[in-house]
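Trainee: Could you show me how to read a few features of a structure, one at a time?
Mentor: Gladly; let us bring it up and begin.

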There are 2 protein chains.
Amino acid sequence: MAYHVAPLERLVEQFERLPGIGKKTAGRLAYHILSRSDAEAKNFADAILEAKEKIHYCKCCQNLTDLELCPVCTDADRDKSFICVVEDPRDVMAFERTREYNGLYHVLHGVISPMDGIGPDSLHIKELMARLSDSEIKEIIMATNPTVEGEATASYISRLIRPMGIKVTRLAYGIPVGGDLEYADEITLSRALEGRNEIK
Amino acid sequence: MAYHVAPLERLVEQFERLPGIGKKTAGRLAYHILSRSDAEAKNFADAILEAKEKIHYCKCCQNLTDLELCPVCTDADRDKSFICVVEDPRDVMAFERTREYNGLYHVLHGVISPMDGIGPDSLHIKELMARLSDSEIKEIIMATNPTVEGEATASYISRLIRPMGIKVTRLAYGIPVGGDLEYADEITLSRALEGRNEIK
């Protein structure tokens, strides 16, 4: 092609590196940036740098925060006897949106996945184990994803914790609310049957 | 929600302002940025600032470039008797990809659209008219999009140019190559019939 604008191509390439953004979308986004004002483009660049600079892991629960301890860990109203163990900071947001859970969290930042070379040492498991010495803790809720890796991670961690006499639970399996039985897969349906509850 | 990380939220908000990016995707992209190295995040921010700073309109054809005149305008091998008038810099890229067109371009940066308050003066029409004094020019190809606004803009500009004795043409309408007649809309099909060519 005869026509090249190096700075534009570099910007397109940067957008292309984002997950789920292909060549065409990257081009569209780059042109959009050029059509905005200088101040708006600067705000975008600053937001990237600021987020990267200020956000780190909470010293206690390993969730993302710009403080030393995240707001959940420092909140006096939170029930400190429960720890919900999740894969990802986004899972914390999902639980917070339910407004049903009032305990603490622990973010592993991944799951055990030998295929991808991720072993238990790559995750924040030792930070979790360090928290368990606190006598206030009564229950660890394993809330990793219902995938092969999520299951393996949940069972690995529960085997570490059980000897310490702390209760370890797993999220319930079943049919999703609003779902359609006809389209539920066999494994989900048999788990839903297994875990059936009496109607009172 | 109890859980807020201000720099993260600002980054999510910036991503949300991009076209076609919703709240969930913006969150995913922001988390992706945080998972990258500091150097990679800085490269992204720099690419935005650099593109915005260095890229401007070509003095002649109004296409985006980081030089005073774009590579097409300065290319001695280009046929300077044709100007292809397009709405957008992306349309130039589309023509360049065909490798069939060897003339010059003129980018309007929009179309006449009274509903959005865009009149002829908001477009780069006067820059096009200024170029027409060059006696080398033989034909202006109107290549605005086949929309109501694109048509109106093409016909407005051609009415300005025709009195100057320069030929003004419009891209052919018809069925797209590889398309399916069954799914072609009525207008496209009747235009294809109207513009039929003899098989030789």
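Trainee: What does the side chain of Asp75(A) reach?
Mentor: In this predicted model, the side chain of Asp75(A) reaches the backbone nitrogen of Asp77(A), at 2.9 Å. A pair of N or O atoms has to lie within 3.5 Å to count as a polar contact.

Trainee: Where is Asp75(A) placed in chain A?
Mentor: Look at the loop that runs between α4 (71-74) and β3 (82-86) of chain A. There is a spatial neighbour to look at too: Leu104(A) is 29 residues away in sequence, while the C-alpha to C-alpha separation from Asp75(A) is 9.5 Å.

Trainee: Is Asp75(A) buried, exposed or partly exposed?
Mentor: Buried means under 20% relative accessible area and exposed means over 50%. Asp75(A) has 24%, so this residue counts as partly exposed.

Trainee: Now the two chains. How is chain A laid on chain B?
Mentor: The general idea is that two copies of a chain are related by a rotation about an axis and a shift along it. Here a turn of 180° with a shift of 0.0 Å along the axis lays chain A on chain B, with an RMSD of 0.1 Å. The two copies are therefore related as by a two-fold rotation axis.

Trainee: Which residue of chain A comes closest to the rotation axis?
Mentor: That is Ala45(A), whose C-alpha lies 2.2 Å from the axis. Both copies use the same surface, as 100% of the contact residues of chain A recur in chain B.

Trainee: How many aromatic pairs does a search of the whole structure find?
Mentor: Nine, over all chains. Planes over 60 degrees apart count as edge-to-face. Phe15(A) and Phe44(B) have ring centres 5.3 Å apart and planes at 85°, so they make an edge-to-face pair. Phe15(A) belongs to helix α1 (residues 6-16) of chain A and Phe44(B) to helix α3 (residues 38-54) of chain B, so this pair joins two chains. Phe15(A) counts as buried at 0% relative accessibility, and Phe44(B) is buried with a relative accessible area of 0%.

Trainee: Which residues do ring pairs link into a cluster?
Mentor: Phe15(A), Phe44(A), Phe15(B) and Phe44(B).

Trainee: And charges over rings: what sits over the ring of Tyr173(A)?
Mentor: The charged end of Arg191(A) does, 4.5 Å from the ring centre. In chain B, the charged end of Arg191(B) sits over the ring of Tyr173(B), with 4.4 Å to the centre.

Conventions
Residues numbered from 1 in each chain as written. Chains lettered and ligands numbered in written order. Predicted model: local features only at pLDDT ≥ 70, side-chain atom pairs only at ≥ 80, totals over all residues. Heavy atoms only, no water. Helix = DSSP H or I, 4+ residues; strand = E, 2+ residues; numbered from the N terminus. Buried < 20%, exposed > 50% of the residue type's maximum accessible area, 1.4 Å probe, protein only. Polar contact = N/O pair within 3.5 Å; in protein donor to acceptor, adjacent residues only side chain to side chain. Least-squares fit on C-alpha atoms with pLDDT ≥ 70 in both. Contact = heavy atoms within 4.5 Å. Phe/Tyr/Trp six-rings, centres within 6.5 Å; stacked < 30°, edge-to-face > 60°. Lys NZ or Arg CZ within 6 Å of the ring centre and 35° of its normal.
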